[in-house]
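User: Please give a close account of how the helices pack against one another in this structure. I am new to it, so I would also welcome a description of what surrounds that packing.

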Amino acid sequence: MSKKLILGYVMDRALPGFTAEDGQKLTHINLAFGVLDQGLLDMSRLPHITELPRIRDESPHLGVVLSVGGWGAGGFSNMAKTAQGRKAFAESCARVADQYRLEGIDIDWEYPCVDAAEIDADPADKENFTLLLQALRDALGPERIVSIAVGAGTYFCENTQMDQVARICDYVQLMTYDIRSGFCDEAGHHACLFTAKGDRFDGSAQSTVEDFARHGVPKERMILGAAFYSRRWEGVPNINNGLHQPAKTMGMGGANYGELVNKYFNNPAFVRYWDEQAQAPWLFDGSTFISYDDPQSLRAKCDYIKRENLLGIMYWEHGCDPTRTLLGVLAEELMS
């Protein structure tokens, strides 16, 4: 078996708590997030980047990649409209990569051609996304990493040129979580491996992998996504233990894994259920439905990664599991 990558998104506030033991269980971290300001890379949201020398001393093998963007981070569409704008942005990324000795840049444009997050968008984003990544590759050179994070849905493939993008990028990170999210009022899995029978939302990690494969992304360049946080629905009828039932709320952001351990797993009101077809757990108390990843679902994802020869796994987000239970499972399954 070829070496698998384990990447953790680490928000700025989680950098001080990143330990040598964490570093031993990861191949890369994605620093979240750089943003755009006046078309150039802005690092003002990462004050704890000063932790990098310590982290490198403790984990010299660890690759450090800067993620740029994230949900609600705009400026990509306007910047990418012109060759001059793309070049200026890419060169600003190269300067930061040199300054902080970064292994690469990860573009998290959420999403080309889509203004759902109330950011700038344009139909020309489809072609400009490719041109932007090529400009970034030209600026960073062949030795540094160029990666992207992509939405778990056919919409992302339709709004991009993934066959061309895959030739530019070292790997493509599939955000196979939030499959049900704040736009969905039906309780169900937000990070399932497979689509279960009876689930009218035909979304899963597997279906996302197959979508991107059909659009020209080699499986050996795909990184599967895992969720270290939950989503919850309120006002769910006590039918089928809440699964696939209409809710009175959308899929709100739920407790992170550490909070699930401390507040829910030992709460007798909440019962854990397991969907054998979807390979995903959920909690239900008769009204509140909580979807999340746990050790069992992550082992299933790791088995799938090895079986399908994907490149590895990534997760959002490191600070969400202070118990380090989930990271331990990933390391055990993919590093042994």
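Analyst: In this predicted model, helices α10 and α11 are roughly parallel to each other, because the angle between them is about 30° and angles under 35 degrees count as roughly parallel. Helix α10 covers residues 295-308 and helix α11 covers residues 325-334, and their axes lie 10 Å apart. The crossing in which α10 passes α11 is right-handed. On the α10 side, the contact is formed by P295, L298, R299, C302, D303 and K306. These residues meet T325, L326, V329, L330, E332, E333 and L334 of α11. Sorted by class, the contact of α10 with α11 holds 7 nonpolar, 1 polar and 5 charged residues.

A second helix pair may be set beside this one. Helix α4, residues 83-100, packs with α5 at an angle of about 40°, and the axes of the two are 8 Å apart. This angle makes α4 oblique to α5. The crossing of α4 past α5 is right-handed. From α4, the contact draws on R86, F89, A90, E91, C93, A94 and A97. From α5, the residues taking part are N128, L131, L132, A135, L136, A139 and L140. By class, the contact of α4 with α5 divides into 11 nonpolar, 1 polar and 2 charged residues.

The loop between β5 (104-108) and α5 (125-140) contains Y111, and the peptide bond that joins E110 to Y111 is cis, with omega at about 5°. E118 also has its place in the loop between β5 and α5. Although E118 is not a glycine, its phi is positive, at about 60°. Most residues other than glycine have a negative phi, and most peptide bonds are trans. A further cis peptide bond runs from A32 to F33, with omega near 0°. F33 is found in strand β2.

E110 and Y111 return in the description of the largest pocket, where they are among the residues that lie nearest its centre. The others named there are W71, D178 and R231. The largest pocket has a volume of about 1100 Å³, and 44 residues line it. Several elements give two or more residues to this lining: the strands β1 (5-11), β2 (28-37), β9 (229-233) and β10 (252-256), together with the helices α6 (154-158) and α8 (205-214). Strand β2, which holds F33, is thus one of the contributors to the lining of the largest pocket. By class, that lining has 20 nonpolar, 14 polar and 10 charged residues.

Conventions
Residues numbered from 1 in each chain as written. Predicted model: local features only at pLDDT ≥ 70, side-chain atom pairs only at ≥ 80, totals over all residues. Heavy atoms only, no water. Axes fitted to C-alpha atoms, helices over the stretch in contact; angles between N-to-C directions. Helix = DSSP H or I, 4+ residues; strand = E, 2+ residues; numbered from the N terminus. Parallel < 35°, antiparallel > 145°, perpendicular 65-115°, else oblique. Left-handed = near helix turned anticlockwise from the far one by under 90°. Contact = heavy atoms within 4.5 Å. Nonpolar A, V, L, I, M, F, W, Y, C, P; charged D, E, K, R; others polar. 1 Å grid on protein atoms, 1.4 Å probe; cavity = no way out; pocket = protein on both sides within 12 Å on 5 of 7 lines; lining within 4 Å. Points joined across faces, edges and corners; volume = space filled by probe spheres on them.
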